[in-house]
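Q: Hi! I have a structure open on my screen and would like to talk it through. Can you give me a hand?
A: Happy to, let's have a look together.

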Amino acid sequence: MPQVKVLTEFFDVPDSHKIDVWEKHGGYQAIRKVLKSMTPDEVIEEVKRSKLRGLGGAGFPTGVKWGFVPKDSEKPKYLVVNADEGEPGTFKDRHVIMNIPHSLLEGMMIASYAIGAHVAYIYIRGEYVHPARRLEEAIAEAKAKGYLGKGIFGTDYDLEVYIHRGAGAYICGEETALLNSLEGKKGWPRLKPPFPATVGAFQSPTVVNNVETLSYVPHIIARGADWFASLSEGTERCGGTRIFSVSGHVKRPGVYEAPLHTTLREIVYDFAGGIRGDKKLKAVIPGGSSCPVLKADEIDVRMCFDDLAKAGTMAGSGGVIVMDEDTCMFDTLRNIIHFYAHESCGQCTPCRQGTGWLVRIFDRIAEGRGMPGDVDNILEIAQNIMGRTICPLGDAAAMPVISFVTKFREEFEYHVREGRCDLEDRKQRVAMAS
Amino acid sequence: MSVEFSEKALEQLRELLGHYPDRQAAVIPALHLAQEEFGYITQEVEDYVAKLLEIPATDVHQVFTFYTMFRDRPVGKYHIKVCESVACHIMGSTNVLDYLRKKLGIDVGQTTPDGRFTLTTVECLGACEMAPMMQVNDDFYGPLDEKKLDEILESLE
Ligand SMILES: Cc1cc2nc3c(=O)[nH]c(=O)nc-3n(C[C@H](O)[C@H](O)[C@H](O)COP(=O)(O)O)c2cc1C
C-alpha cells in the first residue's frame, strides 16, 4: 500500500513555508477561484461532497458543520482554528504549520468566506513557540501581498487573521473550552447546545476546525471534491487522506499521510518500518491516548472512522502509539490515567473525582499494595465516568482504562496480586533458563 | 520589581487589544507579555494587568491559576521541561528525568544554585516522534539518551 500525499507532498520542497514557493506550486489559486466564481453555498456543497471529516478528534463532516452557521444572523461570525494539539501521541498539526502554513491560511480564507466570517483566530498551544512564529511570518507575508486585511485579492471581502496563544491546558483543545480560553476565561467546557455554530466565540456564530482539516480545503477546491473523495476507496462516509502521527516502539516514528482505507498494520509495518529490534507487537492505540487500545491481532482494520468504530475504538486525532512485547500495560495505563487526572478541568464531579480515585488506586498497586477487587473497582469507576460529564474528557479518560483492563486483564490481576510486573518476572525466568 | 510594562510591551498590548471585541479576551496574551517582561507573575503583576485591561483582578487571577505555563516564581536561565506523557513514557522518559536529576543535582521543581537550570516535567508537548523528548526554553530536543543530554547541556553552558 503506497502512501498518498496531498499535504505532505510539499514537506520535502525546500522553503515550502514561504509564500513565493507556495504560489509557485499552485498556492492561493483556490481562494482566487472561490472569490471569483463561487458562492458561499457552493463552497460548502463542494466540501460536503469531498467527504472531508474533522481531523481534530471527533470526525464531524466539515462541510456539514459549516452549513450550520446561520446565514441571517446580525452578529459577526468567527472562524477559529484549533492548533492546541494536546492529545498524547499527536503531532501532525505542528508539521503542517511548520511546513505549509500557507495551506492552512488559504484554507482559513476559503472557510471564512463560506461562513461569512471577517475575523479568524488561530488558537495555538503556548508551548508551540516556533510554530506560532512561523504562522506570524506567514500572516505577514500574506498581508504584504494583499491576501489578508481589507479587500483581499482585490475584492471587497475583508479578512483578518489573529494568533491567540494558549498557556498550557490540554482541556483547551476541546472546542468550547477553547472558546472560553479565547475569551480570556479559564478553559472550562460549555454545555451543548447551544453549539458553537450558533453561539460560539463572543456569543456569535463560530466554526471551530482543526489545523489539518482546514489545510486540505484549498486542495479540495483546486482539484475537486470528487478527486478528494475518491482517494479513499470503499470508505463510504469519509474521503481523502489524513496524516497519521506514529510514535512509540517503531523503527521510523514520524508523520505519514495515507488514504483512510489504509490498515493499521500497513501504517505500523510498511510506513513506520515495524517494531524496533524486530520485537513482537503487543498493542496499538490508533487515534491518540484517549482511544481504546487494540491488541496485536486486531490491527488489520482500515483507518476510516467507521471501521475503527466497528472495531470498538476510534480514529480520533490519528495519533498511532505503538507498544512492543516488553511494554507493561499496567504501567502504561497508569501513565495515561495520571495525564487525564492532571488535565481534568475540575468542573464535573465524575471526571474530577473519578480520575483522582483511579490515580490513587493505580499508585497504590504500583507500590505493591494492591487489594482483591481492585481490578473490578477500576472498571466500575471508569464506567461511572463514561457519559456523565459536560465534555468528552471524562470519556477520554475512561475509554483507555476500560479497554486496557479488559483486554489485558491478566496483567492487571498479576500486579494487584504479586505487587510487581509479570514482565520482569518473565525476563528473570528467561535469564535463569539461559 | 517595578511593575510597569516597557514602552514596547505597552505597544504590543495596544495592538493585541485590537484583535478582540472585548478587553477580557486579552488576558492570556497580556499575562504572556507580563511573564516575558518580569520573568514571573506576582500579585502586583496580576493587579497591574487587571488595571491595564480594566477588568476585575479576580478575572486575571482565575486565568493565571488555571494555565500551567504561568508561574509565580523565577526560573533559571534554562528551563528544562521533560515530557512525561505516554509516548515519551514508553520510550524511557523516566530515565531521562533520573539522569537530569542526578546530573544537575536538583529535584523536579528546583533550580540549580547558580541559577542556570530549572527542571520541571510537562504533559505531552506534541512532539512524540522525538520521544523521549524535552523542551528547553523555546526549543524541542529528542530523542534523548544520556549522551545526547550531555551534549545538549554542554551546548547550553
Ligand atoms: C478533551 C478534548 C481535547 C481535544 N483536543 C483537541 C486538540 O488538541 N486539537 C483539535 O483539533 N481538536 C481537539 N479536540 C476536538 C475538538 O473539540 C473539536 O472537535 C475539533 O477542534 C473540531 O475540529 P474538526 O472538526 O476540524 O476536527 C479535543 C476534544 C476533547 C474532548
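A: One definition before we start: two strands pair if DSSP finds at least two bridges between them. Also keep in mind that this is a predicted model.

Q: Okay, so how many bridges join β5(A) to β9(A), and which way do they run?
A: There are 4 bridges between β5(A) and β9(A), and the two strands run parallel. As an example of residues facing each other, Ser247(A) stands opposite Ile321(A) in β9(A).

Q: And what about β5(A) and β6(A), parallel or antiparallel?
A: Antiparallel: β5 (residues 241-248) of chain A pairs with β6(A) over 6 bridges. Within that pairing, Ile243(A) has Glu257(A) in β6(A) as its bridge partner. The link from β5(A) to β6(A) is a hairpin of 5 residues.

Q: What is the strand order in the whole sheet?
A: It goes β6-β5-β9-β7-β8 in chain A, an open sheet of 5 strands with mixed pairing. At the edges you find β6 (254-259) and β8 (294-295) of chain A; each has a single partner strand, so one side of each is left without a neighbour in the sheet.

Q: Back to β5(A) for a second. How many of its residues are buried?
A: 8 of the 8, so β5(A) is largely enclosed by the rest of the structure.

Q: Which residues sit on which side?
A: On one side are Thr241(A), Ile243(A), Ser245(A) and Ser247(A), and on the other Arg242(A), Phe244(A), Val246(A) and Gly248(A); all of them are buried, so both faces are covered. As a general point, side chains in a regular strand alternate between the two faces of the sheet.

Q: Which residues of helix α11(A) are buried?
A: In α11 (residues 264-271) of chain A, they are Leu264(A), Glu266(A), Ile267(A), Val268(A) and Phe271(A). Their cover includes β5, β6, β7 (281-285), β8 and β9 (319-324) of chain A. Just past α11(A), Gly273(A) has a positive phi of about 85°.

Q: Changing topic: which residues come nearest to the ligand?
A: Gly56(A), Lys65(A), Asn82(A), Asn210(A) and Thr213(A), out of 19 residues around the ligand. Strand β4 (residues 206-210) of chain A gives the most to that shell, with 3 residues.

Q: What are the polar distances to Lys65(A), Gly86(A) and Thr213(A)?
A: An N or O atom in the Lys65(A) side chain is 2.9 Å from a ligand oxygen. For Thr213(A), a polar side-chain atom is 2.8 Å from an oxygen atom of the ligand. With Gly86(A), a polar backbone atom is 3.1 Å from a ligand oxygen. On its own the ligand has 610 Å² of accessible area, and the protein covers 91% of that.

Q: I also noticed Glu46(A). Is that one buried or exposed?
A: Buried, with a relative accessible area of 16%; the cut-off for buried is under 20%. Glu46(A) is part of helix α3 (residues 40-49) of chain A. Beyond its neighbours within four places in sequence, Glu46(A) is in contact with Met38(A), Ile220(A), Ile221(A), Gly224(A) and Ala225(A).

Q: Last one, chain B. What is the strand order in its sheet of 4 strands?
A: That open sheet runs β2-β1-β3-β4, with mixed pairing. Its edge strands are β2 (117-122) and β4 (139-141) of chain B. In chain B, β1 (residues 78-83) and β3 (residues 134-136) are antiparallel, with 3 bridges, and Ile80(B) stands opposite Val136(B) in β3(B). Helix α6 (residues 93-104) of chain B lies across β1, β2 and β3 of chain B, at about 150° to β1(B).

Terms used:
Residues numbered from 1 in each chain as written. Chains lettered and ligands numbered in written order. Predicted model: local features only at pLDDT ≥ 70, side-chain atom pairs only at ≥ 80, totals over all residues. Heavy atoms only, no water. Contact = heavy atoms within 4.5 Å. Axes fitted to C-alpha atoms, helices over the stretch in contact; angles between N-to-C directions. Buried < 20%, exposed > 50% of the residue type's maximum accessible area, 1.4 Å probe, protein only. Near = heavy atom within 4 Å. Polar contact = N/O pair within 3.5 Å; in protein donor to acceptor, adjacent residues only side chain to side chain. Areas by Shrake-Rupley, 256 points an atom, 1.4 Å probe, with all protein chains shown as cover.
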